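Please work through the exercises below with the structure in view. Each task is followed by a solution in steps.

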Amino acid sequence: MSERGETRVKQTLLDIYDRLLGRYGRQHWWPAETRFEMMVGAVLTQAAAWTNVERAIDNLKAAAALSPDAIRRIPQDDLAQLVYPAGYYNAKARKLKALATYLGESFGDDLDAMTQVEPGLLRPRLLAVHGIGEETADDILLYALGKPVFVIDAFTRRLLNRLGLVPDRGPYSAIQGYFMDDLAPDPEMYGEYHALIVRHAKVACRKSRPVCEGCVLLDICPTGKVNMGESED
DNA sequence: GCCCAGGTGGGTA
DNA sequence: TACCCACATGGG
């Protein structure tokens, strides 16, 4: 892409951020008391509504099971019952076991020490853990460890696609590159931006809103569910 | 009853 | 590489 094009992307991404922040305000993500609670939430929220994740985390707290050591010790079937409200409970119990095992073996459960590792080194290690894909790895790097890594989810992907910046099926790294190559590496801003995109997606293009509020705000449709014309061109 | 929500892993062509 | 499917609850 040309230099002029890069500038346009940067201005577009900053402009969208400003519009979203002005409309919705700060989202105060990630809602968790500890680094580990945040990591657990990142796994539990995979393809699940956050309200259900909260129930599961409340169960873990009530059972005193919200620590890497407790997760390793509790039988997987018991863990599955605790995370039941989050859905995919057997699969997620196994994933939490894998995460806790990794944290113990690699860092002795010292998650503050974990922040000292370069994200470029940490990311492939996280991806090697069962149940941690690209989005979950970046959730952990950004929100739990404070690294300047931009999180890409389905809404973010659709957003850039609707802006005409990436093709329909761009790889995760390409979408992420648009943000990280053009925005200063600011964990606070990255975290707020991702939260705002998720927040925005909740009000955009619902069946109950035939006139899409989100499309009006951004001059585009982030979900792509409603044809709002050719505004992305 | 249907659709969707802050995805990932495993199998197949 | 590119699909396809299993994994599952709870709210609108």
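The following exercises concern a predicted model.

**Exercise 1. Confidence**

Task: State the mean pLDDT of chain A, and describe the contacts of the stretches 207-211 and 225-233.

Solution. Step one: chain A has a mean pLDDT of 87, with 83% of its residues at 70 or more. Step two: over residues 207-211 the pLDDT stays under 50, and the model shows zero contacts for them beyond four places in sequence. Step three: residues 225-233 also have a pLDDT below 50, but this stretch makes 14 contacts beyond near neighbours in sequence.

**Exercise 2. Domains**

Task: Determine which segments form each domain of chain A, and which helix gives the most to the side of domain 1 that touches domain 2.

Solution. Step one: the domain assignment places 3-28 and 152-218 in domain 1, and 35-144 in domain 2. Step two: between these domains, six residues of domain 1 are in contact with four residues of domain 2. Step three: on the domain 1 side, helix 12 (residues 187-203) gives the most, with three residues. Step four: by class, that side has four nonpolar residues, one polar and one charged.

**Exercise 3. The surface near DNA strand B**

Task: Find how many residues surround DNA strand B and which helix supplies the largest share.

Solution. Step one: DNA strand B is surrounded by 23 residues, and the closest are Gln 46, Ala 47, Ala 49, Gly 133 and Thr 136. Step two: helix 9 (134-144) and helix 12 each contribute at least two residues. Step three: the largest share, four residues, belongs to helix 9. Step four: this surface has ten nonpolar, eight polar and five charged residues.

**Exercise 4. The surface near DNA strand C**

Task: Carry out the corresponding analysis for DNA strand C.

Solution. Step one: 13 residues surround DNA strand C, and Pro 85, Gly 87, Tyr 88, Asn 90 and Ala 91 are the closest. Step two: at least two residues come from each of helix 3 (50-62) and helix 6 (89-107). Step three: helix 6 provides the largest share, three residues. Step four: eight of the residues near DNA strand C are nonpolar, four are polar and one is charged.

**Exercise 5. One residue of helix 3**

Task: Decide whether Ala 62 is buried or exposed.

Solution. Step one: Ala 62 lies in helix 3. Step two: 10 other C-beta atoms lie within 10 Å of Ala 62. Step three: a residue counts as exposed at 12 or fewer, so Ala 62 is exposed. Step four: Pro 31 is 31 residues from Ala 62 in sequence, and their C-alpha atoms are 17 Å apart in space.

Technical notes
Residues are numbered from 1 along each chain as its sequence is written. Chains are lettered from A and ligands numbered from 1 in the order in which they are written. This is a predicted model: local features need pLDDT of at least 70, side-chain atom pairs count only at pLDDT 80 or more; totals for chains, interfaces and linings use all residues. A residue is near a molecule or strand if its C-beta atom, placed from the backbone, lies within 6 Å of it. Ala, Val, Leu, Ile, Met, Phe, Trp, Tyr, Cys and Pro count as nonpolar, Asp, Glu, Lys and Arg as charged, and the others, Gly among them, as polar. pLDDT is the predictor's confidence in each residue, from 0 to 100. Two residues are in contact if their C-beta atoms, placed from the backbone, lie within 7 Å. Domain bounds come from an automatic or database domain assignment. A residue is buried if 20 or more other C-beta atoms lie within 10 Å of its own, exposed if 12 or fewer, and partly exposed in between; C-beta atoms are placed from the backbone.
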